[in-house]
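Me: Got a model open here and want to go through it with you. Can you take my questions one by one?

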Amino acid sequence: MVGMADAGAPFRITGETGEWEVVVGLEVHAQITATASKLFSGAATAFGAEPNSQVSLVDAAMPGMLPVPNKECIRQAVRTGMALDAVINRSSRFDRKNYFYADLPSGYQISQLYHPIVGPGEVEILLDEKDENSGKQIGIERLHVEQDAGKLMHDQHPTMSYVDLNRSGVALMEIVSRPDMRSPAEAGAYLRKLRAILRYVGSCDGNMEEGSMRADVNVSVRKPGGELGTRTETKNVNSVRFVMAVVEHEAKRQVEVLEGGGAIAQETRLYDPDKNVTRSLRSKEDAHDYRYFPDPDLLPLELDEAFLDECRASLPELPDAKRKRFEGLGITPYNASVLTAEVETARWFDALLDAGAEPKQAANWVVAELFGALNRRGESITDTPVSPEEAAELLKLVADGTISGTIAKQVFEIMLETGEAPSKIVDERGLKQTSDTGAIDAEIDTILAANADKVAEYKAGKQALFGFFVGQVMKAMQGKANPGVVNDRLRAKLD
Amino acid sequence: MSELTSKTIAELRDGFRSGEFSAREVAEAYNAAVAGAKLLNAYTVETPEDALAAAEVADKARGQGELPSLAGIPLGIKDLFATKGVATTAGSNILKGFRPPYESTVTANLRKAGAGMLGKLNMDEFAMGSSNETSAYGPVISPWRRKGSNVGLTPGGSSGGSAAAVSAHIAPGATGTDTGGSIRQPAAFAGICGIKPTYGRCSRWGIVAFASSLDQAGPMARSVRDCAMLLEAMAGFDPKDSTSLDLPVPKWEANLSSDLKGKRVGIPREYRIDSVPAEINALWDQGIEWLKDAGATPVEISLPHTKYALPTYYIIAPAEASSNLARYDGVRYGLREEGVKTLDDMYAATRAAGFGEEVKRRVMIGTYVLSAGFYDAYFTKAQRVRALIKQDFAKAFESCDVILTPTAPSAAFGIGETTDPLAMYLNDVFAVPASLAGLPAMSVPGGLDGQGLPLGLHLIGNELDEQIVLNAGLAIEERAGFTARPEKWW
């Protein structure tokens, strides 16, 4: 597989007949988790609740029940559309998608086929995280709002299936990309970026394990630059890794079929993560005729200027803007990219800056020290016991020479363990760095005397030994000596 | 028939308030009348205890401050309205035994106004029909008979049980629903009044859906005033229905006036159809004279797309119905056919057994017109024609205030006489355009035909102008002096 960083070389599959290009489009279903109530019924939507405990009369499609749009869901869809830099349609409409299945109580899903709430937009992905000039625009065709269906449980009874309607009527945003991606890595980057944007906006928690976000992956292959090939759609893929695997696997499968003289059937496929294969679910011929038509129970959705203004005003700073701002503060593109990838990290880092930390130093520290510690401890940034304010204090102690970088690592470890403030740790444990030339000179003299042979070698030209003397002095002073002063004094004595 | 059951709702209200009789006496009189009229097959469920309970509340409240508008009035409720704990089946086998755990907004409003329930009224299955013959409970027999004949006649449909009950004096008033004439045509057949308000006046919440963009509840009663009273109680904004109108309910009854001075009555030339019996056109002419007498000026108007209304209706209504009725799948409530192997088999068996012929026909038509490849030719085009029909009315109302037409192209026909579905659909030829346009429309009795059967006159008002419809209806009512009643044979 061609790596992410390989931005310059396009992803190609090499078959017997030469190179093939893969074309990918994603339809992402994102649950509107910002509100805990359903799209048209107001019922609750808690994940993992007892089956059929989150079901209203509307969700169960009892006779005479009517849908009423949940304004907060509409608001979140509009905010998301704005964050995707997309056209917001002042007037949109709900349509019914008709089909029979036991998880669909009304026999139709309320969706938006003809007039979606959000029109074209775009998302920028970075093909190389270290290079802010490696951006690529992925087009968004539309975003529409629709209901989720319930769930069948086949393992509860030997001959029957049970129906759980907890998810019936849950609000989803379907975000349809243009077929603008050309590799598994691009598909992965797009999905990660989309997820980040949703999480920044707060409309969807992006939790793919709990099903609040899943993707239908459209894949086709063609000779580079040629006509678009026939695509397949692999449904309900629920992780970034799986999406990438589907693109990879499906593209290779299609190349094999085509080179074997076959044709690609336009069909719906399912991904089996255990075997890492996709399987045909149904062909175009078996496709439902959904008989879409405008839902007569619902009026067209008209959005007024005041509502749009409020939505716009409520948007937070989005990942790209934040990344650019961080870079403007002198933070490296890589660090800026890492710091803005997850909204919690970005928020934490902003709080760190607000607490007075110097941006470059802070960025390096977060990416190296904090992330390292979190990884080790298996924690996420939201449950670290160290607050941004305490971290800022720690960094300030380093910056003003109170402690050395080495001591800072120790202090940080103690902070993680005890939750104590860094200044307290430094004071109580006597970790303050010393610049006292008298004490340092005395220590240097002892070291030099004990290593007369090495001093001789140094003076004979083995300059590399300078580091050894520094190390010995620092060790003897338990790391508390100011390294600058140690350097200066050593040079004065040796040179 | 006891004297109490001969009274209008307004008379019952006034007599009860003045202490002439108790609400209990009214309820008992009606309960007895209902129990004695089983031959009509008007009620699918009788709820005498409900009527008595409401009467008891009314009797207790009397003399203790202001009474709600319908205190002590027992009503019949069309089986399309969900009534909490009481079987609600829409006249269909597929919902047999279904007892909703909720009450429709309209019936809840009526209960709030103090009304009790005599029972659930028979109807065409899912309100699809014009004769009540499609009901799973068998047809309602009209209390009316042709002179010198004992042939059973239909009360019209789909609110046939409501019409029969009101005209047979086994309910002083009833709820109906009107999708394409289902209040007005049976009202005309039964010699009573019935009004369909502007679309959105009455909440559809809790009414079993037939065609959502057309369905509207309305009252059926023995006088225009009674209709005004009932409609005031039924109507009102309901946040649970997105298509409900967020407007205050006008004081229709208080503003009733048969003085039509300065009003213009539109007479649409396209409604003059040769095949309609001369008696009906003659009654129409008589209606024009009555309204002139009340001070109105007749003006000829044109509704050029009228001839497309019926085909348009028979695309849109079945399309919506095919989708609305998908929920009757045997999974969660109502009928389920067992002994099948797959889910698809269960659907097919349940729906085959649960739905009657007319419902199946409309589900098939609706499914067809929404299908890929046919959608634009049928559904999209029908929506466009519907818009043109609306425009026709909007234009007409620039030159008139209310429109007068016959309600139906015939008087009541015999049970089993009309077997061709298309001939049956023609019953609603005058009623359907106002439904497509969402306008308020009413049928009031105008007289009897040569066979002694009632004929109705049809009034259509502009959007939200139920008042002019009621006022013109009152003017006709006062002048027609329609006092005919079916002779009791049941």
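Me: Start with the odd backbone spots. Where does B:His169 lie?

Reply: B:His169 is in the loop between α5 and β4 (173-178) of chain B. Helices (H or I, at least four residues) and strands (E, at least two) are DSSP runs, numbered from the N terminus. Keep in mind that this is a predicted model: local features need pLDDT of at least 70, side-chain atom pairs count only at pLDDT 80 or more, and totals for chains, interfaces and linings use all residues. Residues are numbered from 1 along each chain as its sequence is written, while chains are lettered from A and ligands numbered from 1 in the order in which they are written.

Me: What is the phi of B:His169?

Reply: About 60°, so positive, although B:His169 is not a glycine. Most residues other than glycine have a negative phi.

Me: Is B:His169 buried or exposed?

Reply: Buried, because B:His169 has 22 C-beta neighbours inside 10 Å. The cut-offs: buried means 20 or more other C-beta atoms within 10 Å of a residue's own, exposed means 12 or fewer, and partly exposed is in between, with C-beta atoms placed from the backbone.

Me: Now chain A. Which strand holds A:Asn236?

Reply: A:Asn236 sits in β12 (residues 232-237) of chain A. Its phi is near 55°, a positive value in a residue other than glycine. A:Asn236 counts as partly exposed, because it has 14 C-beta neighbours inside 10 Å.

Me: Which residues does the cis peptide bond join?

Reply: B:Gly157 and B:Ser158, with omega about 5°. B:Ser158 is in the loop between β3 (116-121) and α5 (160-167) of chain B. Most peptide bonds are trans.

Me: Zoom out. How many helices and strands in chain B?

Reply: Chain B has 15 helices and 11 strands. Of its 490 residues, 60% count as buried.

Me: What radius of gyration does chain B have?

Reply: 21 Å, which agrees with the value near 23 Å for a compact globule of 490 residues. The radius is taken over C-alpha atoms, and the globule rule is 2.2 Å times the number of residues to the power 0.38. Along the principal axes, the C-alpha atoms of chain B fill a box of roughly 65 × 50 × 50 Å.

Me: Last topic, the contact between the chains. How many residues from chain B and chain A?

Reply: 33 residues from chain B and 25 residues from chain A. Two residues are in contact if their C-beta atoms, placed from the backbone, lie within 7 Å.

Me: Which elements of chain B give two or more residues?

Reply: On the side that touches chain A, α9 (306-324) and α10 (343-354) of chain B do. α9(B) gives the most, with three residues.
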